[in-house]
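Morning, everyone. Please have a look at the chain on the screen, and then we will walk through it.

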Amino acid sequence: MKKHVTLFVTSFIMLLTLSVFAQERSVNGKVSDEDGNPVPGVNVVVKGSSTGAVTDIDGNYKLNVPNESSLVFSFIGYETQTILVGNQSVINVTLKPDVVSLSEVVVTAFGISREKKALGYSVEQVSSDEITSSGQTNIVNALQGRVAGVTIRNSSGTPGSGADIIIRGISSLDPGRSNRPLYVIDGIEMSDDVDALPILPSAGSNATSSMSQASVSNRAIDIDPDDIESMTILKGAQATALYGIRAANGAIIITTKKGQKGAPQVDLYYSGGWSNVNKTPTVQRSYIDGRFNTYVKRDGYVWDTWGAPVYSGEPDPTHDIYKEFFVKGTEQGFGGSVAGANDIFNYRFSIDRFYQTGVIPNTDWGKTNFSLSTGVKIGKKLEANATLKYANTGGNKPHVGDKSILSDLSYVSPVADVTHYDVPYTYNGNAFAGIIDHPLYLADVNSYVDNVNRYISGIGLKYSLNDHISINYKLGSDIYSDLRTRIVNAETDEGSKVHGFVIEQSNNSSSVTSNIFAQLNYNLPGEISLTGVVGQYTYISNKKYISTRGEDLVLDDFYNLNNTVNLFQDNSDIKYRNAAVYGELTAGYKNYLFLTVTGRNDWSSTLPKQNNSYFFPSVSVSWVASDMFKLPEFITFAKIRSSYAVIGKDASPYKTGRYFEKAANFPFGDALGFKQSTLIGDENLKPEFTKTFEVGTDLRFMNNRVGIDFTYYKNNLTDMILSVPISNATGAARFVTNAGSMTNYGIEITATGTPIKVNDFNWNVNLNWTKQQGKVVDISEGIEDIELYSAFGITNKYVIDGKIGDLYGYKYMRAPDGQLLIDSNGFPEVNWDSLQLAGNAFPDWTAGMTNTFSYKGIELSVLLEWKQGGKAIDMGRRNSMRNGQLKETERRFEEVVFNGVVLNADSTYSPNTTPVQITPAFYRSTTYYNYAAEVLLEDASWFRIRNISLAYSLPASLFSKIFIKSAKVSFTANNVFLNTPFKGYDPETNYFGSGSNIYGYTGLKTPATRSYSFRLNIGF
């Protein structure tokens, strides 16, 4: 009996086992793309369960599945496929690109690729083709007009000049704080600092109180645009939440090109081009130098142009001094890359050289780039990668601002020859001596040369614990040294008081980024997906500069510190530390509803110990309605998103407590003197906080032929760190504390479309439109306003309830109905009682439209750009007006009656009838003309054709019998056309250079240029 029972139980177990094996089977296969390449990382899941696998580097997978089940194959950028298992044991799959979402895979924080439809915030990505077609050497300028919500200003047209970028407006009221975004290249944080170092002498009209400046590069210019695969712009606080305080101003994530599987790919290129000034002030050529219709010079100065008329029939003695002074700039570049990959190893190496001469004589700039990136699969679970980038950049940049070449040109009379000066040149023999130098002499003898060596390197590891969890680690460094030498000749006005001087500067910066994080990816029952990140971050930065100035040259033309009598030294050593822990979790439901929450806690070295730890949370929702409901056929895709986040900034280094600094005129003998700084900091300083709300929608129509992306955001900024004035009785002049709040809001619209798609011809359009405005809500009690800068009565300042960028000035007196009030002499008169709001530096709106036309191997791209509204003052125009140089002063020595009213004795008003004569005294008068805000502030609106790019890819059949695989020729033109009411140079240039928070001032910089270049690419 026992034997029968045992046999029965054994038979039952065997039948049960056979039954189980009959219900499950082992399935394996390979997942490839349409070109037959394996696709690693594909999720293979048994439908309706959490059972699944992920394809390996060769695209292979293996798992046990029930017979009556289906497998779901999904991967970002490809259509999801569902296949019934049936009796199959080998299932190979070819994934097809997802027409709707292929271009919607974006790189987010820490280089993690995510489907754009799962994101609850706005994000935009610029491709390598767009960057290359821009023809820009500075990657910041490559973004101009292409991204909604991003404002980019060129500092000047000097080769190697800096560019400024802000995302969604100013995020700090402190004029000394940076509003630049964080840059991350292949997971390594890199500096885009603008290091402005002291360049002034100790005495003379150009001493420490002057507005003298130098053209300085922003360090993103060191990156080679040809190495970039894509640039992702993260705008709102939720998008940058994982980066914390480091990305309080937004973030730009740069992904570089990597080797692709297959035979080694060799690419070579050569480029060349030229440039010229795109806009100059219009000079009057109807009158010569002199004064009051005579040949008599005012006090012997030659630059006054108030003299006799130019008589017809005689040789024209005048010149268009601006067009004659500037020269044609040139550029040349060449380089190449070699890249490849196999199942285990990938690599890419590139080298480039670029050299450019400027539109100001003797100015130039160049850069040499080397780049190496590698990746290796060490085992089934461990991967490693490494990158190394080297850049050498530098050249001779012209002095700008006060006492500069551009400043001198604003004085020069049109009768002067700006292409020649007498040799030998002496201060006493200078025809312009007393106020200015001959501009060409300045270009010939004065210089400011920089030489930058930069290394960006990183190593990364990724270990896959299983199909759902991986551990990632990235260690990167960014190190550069910047050596600068400034030479100022003793015969120039700037160097005359100190008998010439030499400045040698060493600026060194190093930073290290360490980031370890775990990624998880789970599919749960009920079609719920979970993805997440948790990690720890450390950032260390050290910056140090030493500046030595030697004055009073002993031997002529020997510009060496050992050849100077007086030596002055200045130095700075700044250290900064930031650490954080962070996490993000995204829950998805049926791939149409996504909820993301993040949290990050930062510790900063710049805040007091009791306040140096702070937490930033965020939450966002993305709802893809088109995947949830069956919508009308013409609606291809419909998504609604919303987010809320808190983020903030710490303080600049060394802004808490009291500090001491070296006293002036010390050392004195053997004595060394120090004094307390006039700036002290709050010992209870807290971080700034920004609470942001964003809502938007992404709509696609007619099978993705038309798309509209709309975003509205509002930011509330509190506890803003400001330097406010305090009583001198405290022993200081200003106090750094949490003293202000502001709001800004904006609307961003991006529209895409394909108006024509016929056979081989396509016309694609991308239009972006932005409206942004900021408002000052509060300033520290007792402080009515904070002045940022003032020149010629035009003042940029913050006022409670005022807008960011408001400009104040002395306006003409007016009657209650707004008409000009004319004084008893018959002239309008400036009201000197108080500053009045005269305009705003920021535009009402901006827009950019890219039209791309393609036909077979030909592609034409045209980028149009608009800026509507915004006012600015040309810092050189007032001098030009006062000296009779400009076209607007051509109306002279005639009788006019100003349109306005006069105030009668009985307090009534009547029309003005008093005739007056327009003389040089009128243009030179601060009371009547050249200090009036209505005269100095101009409309800086513009429309421009920013970029035209024409490319032709030669047919591959031409190279079928030779070693060349591809060839492409292209032509690019930048700043081709400009239409603006602004009278002077292109108003896009910023007087204060890149990195400044002061807006509304332009001029006295190397003018913006119109450039043309051609390029030949050959692939082997």
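In which sense do β5 and strand β6 pair, and over how many bridges? They pair in the antiparallel sense, over 4 bridges. Strand β6 covers residues 81–84. One caution before I go on: this is a predicted model.

Let's stay with β5 for a moment. It spans residues 70–74. Strand β2, residues 43–46, also joins β5. That pairing is antiparallel, with 4 bridges. Now find L71. It stands opposite I83 in β6. In the pairing with β2, V46 stands opposite L71 in β5. Is β5 mostly covered or open? Mostly covered: 4 of its 5 residues are buried.

One more strand, β16. It runs over residues 228–234, and L234 sits in it. L234 has 0% relative accessibility, so it counts as buried. Take G805 as a partner for a distance check. Along the chain, L234 and G805 are 571 residues apart. Their C-alpha atoms are separated by 24 Å.

Next, the aromatics. How many aromatic pairs does the count come to? It comes to 41. Take F325 and F326. Their ring centres are 5.5 Å apart, and their planes stand at 75 degrees. Anything over 60 degrees counts as edge-to-face, so this pair is edge-to-face. Both F325 and F326 are buried.

Here is a second pair, Y421 and Y441. The centres are 5.2 Å apart and the planes are at 85 degrees, so this pair is edge-to-face as well. This pair links distant parts of the chain. Y421 is in the loop between α4, residues 405–409, and α5, residues 439–445. Y441 is in helix α5 itself. The two are 20 residues apart. Are these two tyrosines buried or exposed? Y421 has 16% relative accessibility, so it counts as buried. Y441 is buried too, with a relative accessible area of 7%.

There is also an aromatic cluster to find on the screen. W306, F827, F898, F922, Y923, Y928 and Y929 form one cluster.

Two arginines sit over rings. The charged end of R600 is over the ring of Y537, 4.6 Å from its centre. R944 lies over the face of W942, and there the distance to the ring centre is 3.9 Å.

Now the charges. How many salt bridges does the structure hold? It holds 41. I'll show three of them.

Start with R486 and E494. Their closest N and O atoms are 2.9 Å apart. R486 is buried, and so is E494.

Then D698 and R700. Their side chains meet in a salt bridge, at 2.9 Å from N to O. Why do we call both ends buried? The cut-off is under 20% relative accessible area. D698 has 4%, so it is buried. R700 has 9%, so it counts as buried too.

The third is E894 with R891. Here the N to O distance is 3.1 Å. E894 has 30% relative accessibility, so it counts as partly exposed. R891 is partly exposed as well, with a relative accessible area of 49%.

Beyond these, there is a network to look up. Which residues does it link? E124, R168, K235, E694 and E748 are linked by salt bridges.

Last stop, the surface. There is a nonpolar patch of about 870 Å². Its members include L520, L524, I528, Y589, Y644 and F693. Which strands each supply at least two of its residues? They are β26 (501–524), β28 (564–589), β29 (593–604) and β30 (613–624). The largest share comes from β29, with 3 residues.

Take V619 as one example from the patch. It is placed in strand β30. At 34% relative accessibility, V619 counts as partly exposed.

To recap, then. Strand β5 pairs antiparallel with β6 and is joined antiparallel to β2. The count of aromatic pairs is 41, and the structure holds 41 salt bridges. On the surface, the nonpolar patch comes to about 870 Å². That's my tour; over to you.

Notes. Residues numbered from 1 in each chain as written. Predicted model: local features only at pLDDT ≥ 70, side-chain atom pairs only at ≥ 80, totals over all residues. Heavy atoms only, no water. Phe/Tyr/Trp six-rings, centres within 6.5 Å; stacked < 30°, edge-to-face > 60°. Buried < 20%, exposed > 50% of the residue type's maximum accessible area, 1.4 Å probe, protein only. Lys NZ or Arg CZ within 6 Å of the ring centre and 35° of its normal. Patch = residues over 30% accessible without salt bridge, like charges linked within 9 Å, V, L, I, M, F, W, Y side chains within 5 Å. Areas by Shrake-Rupley, 256 points an atom, 1.4 Å probe, with all protein chains shown as cover. Salt bridge = Lys/Arg side-chain N within 4 Å of Asp/Glu carboxyl O. Pairing = 2+ DSSP bridges.
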